[in-house]
Amino acid sequence: MREANMITETRNESEDYKLTVEVPETAHAVSTDSWLQAGFVLTTGVNSVFVLGYSGTIMVPLGWIGGIVGLMLATVLSLNANMLVAKLHEHGGKRHIRYRDLAAQIYGRKAYTITWAMQYVNLFMINIGFLILGGSALKACFAVFNYEHTMKLPYCIAITGFACALFAISTPHLSALRVWLGCSTVLGLIYIIVACVLAAKDGINAPPRDYGIHGKSSSRIFTTIGACANLVFAFNTGMLPEIQATVREPAVKNMLKALYFQFTVGVVPMLAITFIGYWAYGAETPTYLLNSVSGPLWIKASANISAFLQSIICLHIFASPTYEYLDTKFGIRGSALKLNNLSFRIAARGGYLVISTLVSALLPFLGDFESLTGALSTFPLTFILANHMYIVAKQNKLSLLQKLWHWFNVVIFTIMSVAATIAALRLIVLDSKQYHVFADL
C-alpha cells in the first residue's frame, strides 16, 4: 500500500510538473514537429552552401594538422555546448522558445536585451553570408555558359535577395518548411557530391600541391584566429531554443536526439567536402570551391544552381527568429493567405531582406563575415553563455569538478572571442582598402 501511494504521488508530481510547463505566446507553430524534422533543420544548417567555403576559410589558414584537430575539437565542444542549452529548455517550469527568454529566466531582464542583440547580430550576419554565397553560385552558373559577359556579383546578390524575399513571403514559419527540408537535403547532396567528385578528379590528375601556410608571422596569427572563429561558426546555429520550440513533447529528450543526428550523420558531408577540397587544391583553394573544379558544364551548372536554391531555404531558417518576433509583436495570426497577413509579410520581411541584400552587395567579403560572426555571436551564444547559464541554473546539482570545467570553458572562449573579433575586424579593414564597395569578387 505504501509503495502504491509513493507511485501515485510520483505520478501526480510528474503530472503537476507537466502542467506548470507553460508555453509563451507566439504567432508561430510550437511543439508540432518530430525530432527527425528538427534534426534535418540542424543538418541543413551544417551542410548549407557555406560548406563550399570551408576548405578555403578553415583548412588553408590552419593546414592539415590544425584543420583536422580543430574540426574534431569543434565537433565535440559544439555538441556539448548545444546539449547544455537543450537541457535548459524547460528551466523554471516554462518552455523557453527564444534564446533571450531563457537568458532572462536565468539572469534577469537586462540579459534579455543583451542576448537579443547578440543573437540578431549573429543571424543578420549569417543571412548576409547566405546572400553572398547565393550570389556567388549564381555568378558561377552564368560564368559556366558565358565567359565574356559574366554577370557581376552585386547584381547576382540582388537577384538572390529577391528570390529570398519571395520564399519568405510564401513560407509563414519554420515548421511550414517540411517538404522544403527534403528539397534542401537533395540540393545539398547535389553540390556536395559534385564538388567532391570533381575536386577529387582534379586532385588525382594534378601535380603535387602546396599545403604550406603562407604569409608573414603577424598576418598568420590573425588568419589562424579568424579560422578558429570559422570552426565554431561551421557547427552552430545560435538559435537552438527557437528550433527546439518546434519539437513536440518531450522537448528535451527529442532535441537531444536531433543533436545526436546532427553531430553524427549530419557532419559527414561537411567534413568530406572540406577535406577533399583542400586535398585537391592545397593552399590555392578558393573560398567558393565550385570556382576551381573542372568538369562537364552541365554538371557544374547543376551544382551551382543547387547551391543557389539551397541558400534561399537556409536563409529562411536563420531569418525565422526575426520573422517570429515581427509576427508576434504585430499580432499576425491565422491564415497565411489573409490579405492583412500577406501584406505585412511583404512589407516586413521584404524590408529586412532589402537591407540585408544591400549590405551583402556593399561588402561581399565572405570569409571575413564568417570570422566576425563566429567572434561576435557564435562564441558568446554557443559557448560562453551556454556554459555560464548551466552553472547558474544547476549550481546546486553540479560537483566542484563540473563547475571548474564549465568555468574553464567560459574563460577560454571569452579570450578567443575577443581575439577573434580583433582579427576579423582587421581582415575587413584590409579587404575594404583592397576592394571598392560593391566589388565584383
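Among contacts between residues at least 6 apart in sequence, what percentage join residues at least 24 apart? In this predicted model, the share is 84%. The protein has 441 residues, and 54% of them count as buried. Its secondary structure consists of 15 helices and 0 strands.

Start with helix H2, which spans residues 35-46. Its 12 residues reach 16 Å from the first C-alpha to the last. That is close to the 16 Å expected at 1.5 Å a residue. H2 is mostly covered, with 9 of its 12 residues buried. Gln37, Ala38 and Gly39 are among them. So are Val41, Leu42, Thr43, Thr44, Gly45 and Val46. What lies over these buried residues? The cover includes helix H7 (179-205), helix H8 (217-235) and helix H9 (240-244). It also includes helix H10 (251-262), helix H11 (268-281) and helix H12 (297-329).

H2 also borders an enclosed space. The structure holds 3 cavities of 30 Å³ or more. The second largest cavity contains about 100 Å³ of space. Its lining is made by 15 residues. Gly45, Phe233, Ala234, Asn236 and Phe318 lie nearest the centre of this cavity. Gly45 is also one of the buried residues of H2. H2, helix H5 (109-145) and H8 each supply at least two lining residues. By class, the lining divides into 10 nonpolar, 5 polar and no charged residues.

Now move to helix H11, one of the helices that cover H2. Ile273 sits in H11. Is Ile273 buried or exposed? Ile273 counts as buried because its relative accessibility is 0%, under the 20% cut-off. Beyond residues up to four places away in sequence, Ile273 touches Val51, Leu52 and Ser55. Its other contacts are Tyr191, Ile192, Ala195, Cys196 and Leu289. Ser55 is 218 residues from Ile273 in sequence. In space, the C-alpha atoms of Ile273 and Ser55 are 7.6 Å apart.

Tyr278 lies in H11 too. Tyr278 is buried, with a relative accessible area of 0%. Leaving aside neighbours within four places in sequence, Tyr278 is in contact with Ser55, Met59, Val60, Gly63 and Trp64. Tyr211, Ala283 and Thr285 complete that set of contacts. Ser55 therefore appears twice, as a contact of Ile273 and as a contact of Tyr278, each with heavy atoms within 4.5 Å. Trp64 is 214 residues from Tyr278 along the chain. Their C-alpha atoms are separated by 8.6 Å.

Cys196, a contact of Ile273, leads to the cysteines. Cys196 is buried, with a relative accessible area of 11%. Cys164 is buried as well, at 3% relative accessibility. How many disulfides does a search of the whole structure find? The search finds 0.

Next comes an open space, the second largest pocket. This pocket has a volume of about 240 Å³. Helix H3 (54-87), H8, helix H14 (366-394) and H15 each give two or more residues to its lining. There are 16 lining residues. Leu73, Ala74, Leu77, Phe413 and Met416 lie nearest the centre of the pocket. Which helix gives the largest share of the lining? H15 does, with 6 residues. The lining has 14 nonpolar, 2 polar and no charged residues. H8 thus contributes to the lining of this pocket and to that of the second largest cavity, as the helix runs assigned by DSSP show.

Stay with H15, which covers residues 400-434. Ile422 has its place in this helix. Ile422 counts as partly exposed because its relative accessibility is 49%, in between the cut-offs of 20% and 50%. Leu376 is 46 residues from Ile422 in sequence. Their C-alpha atoms are 9.9 Å apart in space.

Two backbone details remain. Most residues other than glycine have a negative phi, and most peptide bonds are trans. The bond from Glu249 to Pro250 is cis, with omega near -5 degrees. Pro250 lies in the loop between H9 and H10. The other detail follows helix H4 (residues 99-107). After H4 comes Gly108, with a positive phi near 120 degrees. Within H4, the buried residues are Tyr99, Arg100, Asp101, Leu102, Ala103 and Ile106.

Conventions. Residues numbered from 1 in each chain as written. Predicted model: local features only at pLDDT ≥ 70, side-chain atom pairs only at ≥ 80, totals over all residues. Heavy atoms only, no water. Helix = DSSP H or I, 4+ residues; strand = E, 2+ residues; numbered from the N terminus. Expected span 1.5 Å × (residues − 1). Buried < 20%, exposed > 50% of the residue type's maximum accessible area, 1.4 Å probe, protein only. 1 Å grid on protein atoms, 1.4 Å probe; cavity = no way out; pocket = protein on both sides within 12 Å on 5 of 7 lines; lining within 4 Å. Points joined across faces, edges and corners; volume = space filled by probe spheres on them. Nonpolar A, V, L, I, M, F, W, Y, C, P; charged D, E, K, R; others polar. Disulfide = S-S within 2.5 Å.
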